[in-house]
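This report introduces one protein structure to a reader who has not met it before. Please view the sequence and the structure together while reading.

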Amino acid sequence: MSAGVKTEFTFTGYGKNYVKLLQVRKEGKIHYIKEIEVNSQLTLNNTKDYLQGDNSDIIATDSQKNTVYVLAKQHGVKTIEKFALLLCDHFLNKYRHVTRANVYIEEAPWKRIEIGGQEHSHSFILNRDITRFCEVEHKRDSRPMVSAGIKDLKIMKTTQSAFVKFVNDEFRTLPDAEDRVFCTIVQSREGVKKITLETFAGEPREGVYSPSVQNTLYLTEQNVLTKIPQIEEIEMVLPNVHYFDVDFKRFPKIDFKRNQIQVLQPVDKPSGNIKAAIKRSVKSRL
Ligand SMILES: O=c1[nH]c(=O)c2[nH]c(=O)[nH]c2[nH]1
């Protein structure tokens with residue numbers, strides 16, 4: 001027993017992360033693949049493992065990993081959502097002392113290679129721009145909650161973005177930017193992707209002016225709630241992936257002909273991070 005201040009758990013959960021598997025399904029000469037990465041997490045109806053070092057109720061994270069492989073072999077991975085539901089269902093039904101199962105799955109974006117306009121029967125290419133993910137949170141005696149979407153969708157615009165007139169004190173070094181590159185990485189639900197891209201980019205020729213990531217984020221959320229009545233609330237996180245101007249004044253001996261070429265330095269870290277959530281006001285539902 002550990003002496004000390006009185007405490008209680010506000011959360012427990014344990015599982016295996018990054019369980020990767022490739023499923024190859026062969027229908028004659030036509031092969032279908034799915035590569036997935038699974039995180040599982042279980043919450044038990046007691047905390048004797050944490051408190052007393054009693055492991056008798058622990059379903060080892062190694063066994064959770066094995067379960068992923070065994071269920072994939074037995075049932076196949078049809079969609080990541082179905083497989084996540086199946087895993088949660090399995091953990092809750094097989095182990096009565098599990099009170100909550102959470103499964104998060106990412107699917108590697110393999111696509112069939114096309115040769116001369118024809119899809120190849122067994123050769124694939126990784127299409128990095130779209131990674132689908134899903135998460136199932138299933139608490140015993142309640143319905144599983146499924147969320148799904150796409151992640152790591154990186155988008156950029158090269159004008160119609162500015163950032164000016166922010167706090168100007170002794171900590172500020174960033175100059176006003178009247179015309180800058182705006183690059184961000186979106187994580188969103190499938191139906192929200194189109195609205196996000198349209199709000200970010202604007203109409204094809206002139207685009208749309210963005211005074212800040214904050215404003216673009218808000219307008220995107222506002223458009224989503226306006227166009228998709230089923231969504232009650234939306235939260236978005238938009239990183240501001242920076243591209244800094246290279247200071248060519250540092251090369252006074254070189255004559256840079258005035259031309260249309262802009263050279264910027266991509267900055268990996270740090271990045272800005274802008275977040276906001278909005279929901280329908282009670283009034284707007286009446
Ligand atoms: O759109 C922006 N919002 C900020 O809050 C911020 N901060 C910063 O340094 N650049 C930017 N850009």
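Helices (H or I, at least four residues) and strands (E, at least two) are DSSP runs, numbered from the N terminus. The model is predicted: local features need pLDDT of at least 70, side-chain atom pairs count only at pLDDT 80 or more, and totals for chains, interfaces and linings use all residues. Residues are numbered from 1 along each chain as its sequence is written, and side-chain values use heavy atoms, with hydrogens and water left out.

Lys16 belongs to the segment before strand 1 (19-27). Its relative accessible area is 23%, so Lys16 counts as partly exposed (buried is under 20%, exposed over 50%, partly exposed in between; 1.4 Å probe, protein chains only). Beyond its neighbours within four places in sequence, Lys16 has contacts (heavy atoms within 4.5 Å) that include Val38, Thr61 and Lys65. Lys16 and Lys65 stand 49 residues apart in sequence, yet their C-alpha atoms are 6.3 Å apart.

Helix 3 (residues 80-94) contains 15 residues. Among its buried residues are Phe83, Leu87 and Phe91. The cover over the buried residues of helix 3 includes helix 2 (61-75) and strand 7 (145-157).

The ligand is surrounded by Phe163, Leu174, Arg180, Ser212, Val213, Gln214 and Asn240, each with a heavy atom within 4 Å of it. The table lists distances from ligand atoms to polar side-chain atoms.

| Residue | Ligand atom | Distance |
|---|---|---|
| Arg180 | oxygen | 2.8 Å |
| Gln214 | nitrogen | 2.8 Å |
| Asn240 | nitrogen | 3.3 Å |

How values were computed:
Polar contact = N/O pair within 3.5 Å; in protein donor to acceptor, adjacent residues only side chain to side chain. Expected span 1.5 Å × (residues − 1).
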